Amino acid sequence: MRKIGLYPGSFDPLTKGHMDIIKRALKIFDEVVIAVVKNSSKKVLFSLDERKAIIDEVYKTEKNISCISLDSKLSVELANEINALAIIRGLRAMSDFEYEFQIASINRSQNKQIESVFFAAQDKLTFVSSSMVKEIAQYKGKISKFVDPIVEKILEEKIKSSGT
Ligand code: ADP
């Protein structure tokens, strides 16, 4: 049976931090399904469709990586539907831990069969987040170390067009 891991997140936009987690998850899972979620507590720059389109473009040649947008159900429900073994998340610092631990407990309360698997961020990527990348881009700083060239181009265009 193929081992599927579901990686849910806001991905506003996809960063090299996320990409590193996906690459490492593929050492354990045969397939990673990325779920772009609507997180009502976060102010986003890109719409759900735009965030998914970016990921589809970055991974268009990767047959074991796919992306789904998720706006009307819980990730744990999607995990169950696609027969995922586990939900994948990343940990950057202690500050991520409390939140991630809470989410994992909530997910377990919904479905005990689906495990949560955490990948510790690589040293050089611990400080990389979507919000930090957006902030740098807004002030016309260099973001090529933190995002794929496809994301860099789309983010710069988005900031130009939104006039922020
Ligand atoms: P969410 O809004 O669900 O936290 P994010 O897109 O911010 O979504 O992050 C998705 C997941 O990826 C989270 O578990 C987050 O901790 C993890 N993550 C984000 N950036 C990094 C990074 N640089 N290194 C490791 N994990 C990361």
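1. A word on names to begin: helices (H or I, at least four residues) and strands (E, at least two) are DSSP runs, numbered from the N terminus. With those labels in hand, Asn83 can be placed in the loop between α3 and β4. Its phi is near 60°, a positive value in a residue other than glycine. Please keep in mind throughout that this is a predicted model.

2. The sheet is a good place to start looking. Five strands make up an open sheet, and following it across gives the order β3-β2-β1-β4-β5, with parallel pairing. The edges belong to β3 (65-70) and β5, each of which has a single partner strand, so one side of each is left without a neighbour in the sheet. From one strand to the next, the twist averages 30°.

3. For a closer view of one pairing, turn to strand β2, residues 31-37. It joins β3 in the parallel sense over six bridges. Within this region, Val32 stands opposite Ile65 in β3.

4. Now add two helices. Helix α2 (residues 48-58) lies across β2 and β3, and its direction is at about 180° to β3. Helix α4 lies across β4 and β5, running at about 170° to β4.

5. Where is the cis peptide bond? Look between Asp12 and Pro13, where omega is about 0°. Pro13 belongs to the loop between β1 and α1.

6. Charged side chains are worth a look too. The structure holds 10 salt bridges, and one of them brings together the side chains of Arg2 and Glu31, at 3.1 Å from N to O. Arg2 sits in the segment before β1 and Glu31 in strand β2, so this pair ties together parts that are 29 residues apart in sequence.

7. Finally, the largest pocket. How much space lies in it? The value is about 1100 Å³. Its lining has 47 residues, and the closest to the pocket centre are Gly9, Ser10, Asn39, Arg89 and Tyr99. Elements giving two or more residues to this lining are β1 (4-9), α1 (16-25), α3 (75-81), β4 (86-91), α4 (94-110), β5 (115-120) and α5 (130-138).

8. Which element gives the largest share of that lining? Helix α4 does, with eight residues. By residue class, the lining of the largest pocket divides into 20 nonpolar, 15 polar and 12 charged residues. When you turn the model, α4 is a handy guide: this helix lies across β4 and β5 and also contributes to the pocket lining.

Methods:
Residues numbered from 1 in each chain as written. Predicted model: local features only at pLDDT ≥ 70, side-chain atom pairs only at ≥ 80, totals over all residues. Heavy atoms only, no water. 1 Å grid on protein atoms, 1.4 Å probe; cavity = no way out; pocket = protein on both sides within 12 Å on 5 of 7 lines; lining within 4 Å. Points joined across faces, edges and corners; volume = space filled by probe spheres on them. Nonpolar A, V, L, I, M, F, W, Y, C, P; charged D, E, K, R; others polar. Pairing = 2+ DSSP bridges. Axes fitted to C-alpha atoms, helices over the stretch in contact; angles between N-to-C directions. Contact = heavy atoms within 4.5 Å. Salt bridge = Lys/Arg side-chain N within 4 Å of Asp/Glu carboxyl O.
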